[in-house]
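These are my notebook entries on one structure, kept in the order in which I looked things up.

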Amino acid sequence: MSSPLKKSLKLALIQLASSADKTSNLTSARQKVLEASKAGAHLVVLPECFNSPYGTKYFDKYAETLLPSPPKDSQTFTALSKLAKEAGVYLVGGSIPERDDKDEKKLYNTSLTFAPSGELMATHRKVHLFDIDIPGKIKFRESDVLSPGNKITLVDLPEYGKIAIAICYDIRFPELAMIAARKGAFLLLYPGAFNLTTGALHWELLARARATDNQVYVGLCSPARDMKAEYNAWGHSMLVDPNAMVVEQLDEKEGTLIQELVAGRIDEIRKGVPLYGQRRFDVYPDVSEGGRFKE
Ligand SMILES: O=C(O)CCC(=O)C(=O)O
C-alpha cells in the first residue's frame, strides 16, 4: 500500500475568538492565518461557524450564497480565497452558514477549502446535523433550520496526499471516517464547536477513537470559549497522531496549534498493528466499497 502522506506537512489549527461582527471576525482570521503561515504552516484550519455566533437563530442572518463558484457576492468566500493566496497556504475555512443558490430558504453548515492559488478546491456541507436533547444540560436542533449535505469530502493536496473534511457532529459517525481513510486520507479534519457537556466527555475520546480505528492523523478545530455568548464552545483544539496519541491540545482560550505531520508515521503505526491487512470483509462488508460513496 502506498504511503498516504507523501511528505511531512505543518498543520495550523486556529482557535479563533469570534464575535457577532462578521467583518471583524474575518479581519482577525486573516491576521491569525498570516501569522501561522509565517510560522511555516502549509495547511491552516479555522473553526466551525468562525464568522458568526453559533446558534440556530443566527444561521439565516449570516448565510451567504457560495455556489456556483466563484459566487457573485460572498464576503467570506472572497476573503478566504484572497487570504489563501496571500498566505500561500491550503486553507480550510472552518464552516459558515450557506444559502442554497436555487432555494433561498435552504441553508447548510458548509466548509470551503482553498488552494494556495486562491482557487476553491472543495465544499463540505455538514452531513450529520447536530440534533441532541440532554435533559437539564443542552438541547440543540440544527435540523430546524439546516439541510444536510450528502457526500464525503476528500481533498487531494498534490504534494502531500488526501485529507478528509467533515464538520463537528460528523465525527460521531465512524463510517464516514472509515470510508475517507480507506480512500487514502492521511488526515481527518473536523472544524467543530462542541459544548461544555459533551466536550468534556467526548471531544478527545472521539478524536482518538477515529485515529485508532483508522490509523490516521485527526485534527479538531474549535472556536475559543466565550462565556458571554449563548453557546459556550469547548475549545481544546487538538491534533491526534495515527497511534491515537494527543500531539497537542489547546485550552479553551484563543490560540493557534502548529504541529508537523510526519511522513512515514502512518506507515510505521500500520506496520506495528497491521489492521489494514487483517480486516475480514468475508465476515462484514467493506463500507468504502460499492456503497453510496460520492467523492
Ligand atoms: O456532538 C456533539 O456533542 C457536539 C456537536 C456539535 O456541537 C456540532 O455539531 O456543532
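In which sense do strand S13 and S14 pair, and over how many bridges? I looked this up in the model, which is a predicted one. Strand S13, residues 238-240, pairs with S14 in the antiparallel sense, over three bridges. Within this pair I found Met238 opposite Gln249 in S14.

**Entry: the sheet.** I then traced the sheet that holds these two strands. It is an open sheet of six strands, ordered S9-S10-S11-S12-S13-S14, and its pairing is mixed. Strand S9 (153-157) and strand S14 (246-249) stand at the edges; each has a single partner strand, so one side of each is left without a neighbour in the sheet. I noted an average turn of 15 degrees between neighbouring strands of this sheet, direction ignored.

**Entry: the loop before S14.** I checked the backbone between S13 and S14, where Ala244 lies in the loop. Ala244 has a positive phi of about 70 degrees, although it is not a glycine. I recorded Ala244 as partly exposed, because it has 16 C-beta neighbours inside 10 Å.

**Entry: helices against the sheet.** Which strands does helix H5 lie across? I found H5, residues 198-214, across strand S11 (185-191), strand S12 (217-221), S13 and S14. H5 runs at about 155 degrees to S12.

I turned next to helix H6, residues 265-272, in which Arg265, Ile266, Ile269 and Arg270 are buried. These residues cover an arc of only 130 degrees around the axis, and therefore they lie on the same side of H6. On the face turned away from that buried side I found the exposed residues Glu268, Lys271 and Gly272. S11 is included in what covers the buried residues of H6. S11 thus appears twice in my notes, since H5 lies across S11 as well.

**Entry: a hairpin.** I examined strand S7 (residues 131-134) and strand S8 (residues 138-141), which pair in the antiparallel sense over four bridges. Asp133 stands opposite Lys139 in S8. The two strands form a hairpin with three residues between them. In the turn, I noted that Gly136 has a positive phi of about 80 degrees.

**Entry: the ligand shell.** Which residues surround the ligand? I listed Glu48, Phe130, Cys168, Tyr169, Arg172, Ala193, Phe194, Asn195, Thr198 and His202. By class, I recorded five nonpolar, three polar and two charged residues in this shell.

**Entry: Cys49.** I looked up Cys49, which lies in the loop between strand S2 (43-45) and H2. Its phi is near 45 degrees, a positive value in a residue other than glycine. Is Cys49 buried or exposed? Cys49 counts as buried, because it has 27 C-beta neighbours inside 10 Å.

**Entry: cis peptide bonds.** I searched the loop between helix H2 (56-62) and helix H3 (75-87), where Pro68 is found. The peptide bond from Leu67 to Pro68 is cis, with omega near -5 degrees. Pro70 is also found in the loop between H2 and H3. A cis peptide bond joins Ser69 and Pro70, and I noted its omega as about -5 degrees.

Technical notes: Residues numbered from 1 in each chain as written. Predicted model: local features only at pLDDT ≥ 70, side-chain atom pairs only at ≥ 80, totals over all residues. Pairing = 2+ DSSP bridges. Near = placed C-beta within 6 Å. Nonpolar A, V, L, I, M, F, W, Y, C, P; charged D, E, K, R; others polar. Axes fitted to C-alpha atoms, helices over the stretch in contact; angles between N-to-C directions. Contact = placed C-beta atoms within 7 Å. Buried ≥ 20, exposed ≤ 12 C-beta atoms within 10 Å, placed from the backbone. Arc of directions from axis to C-beta.
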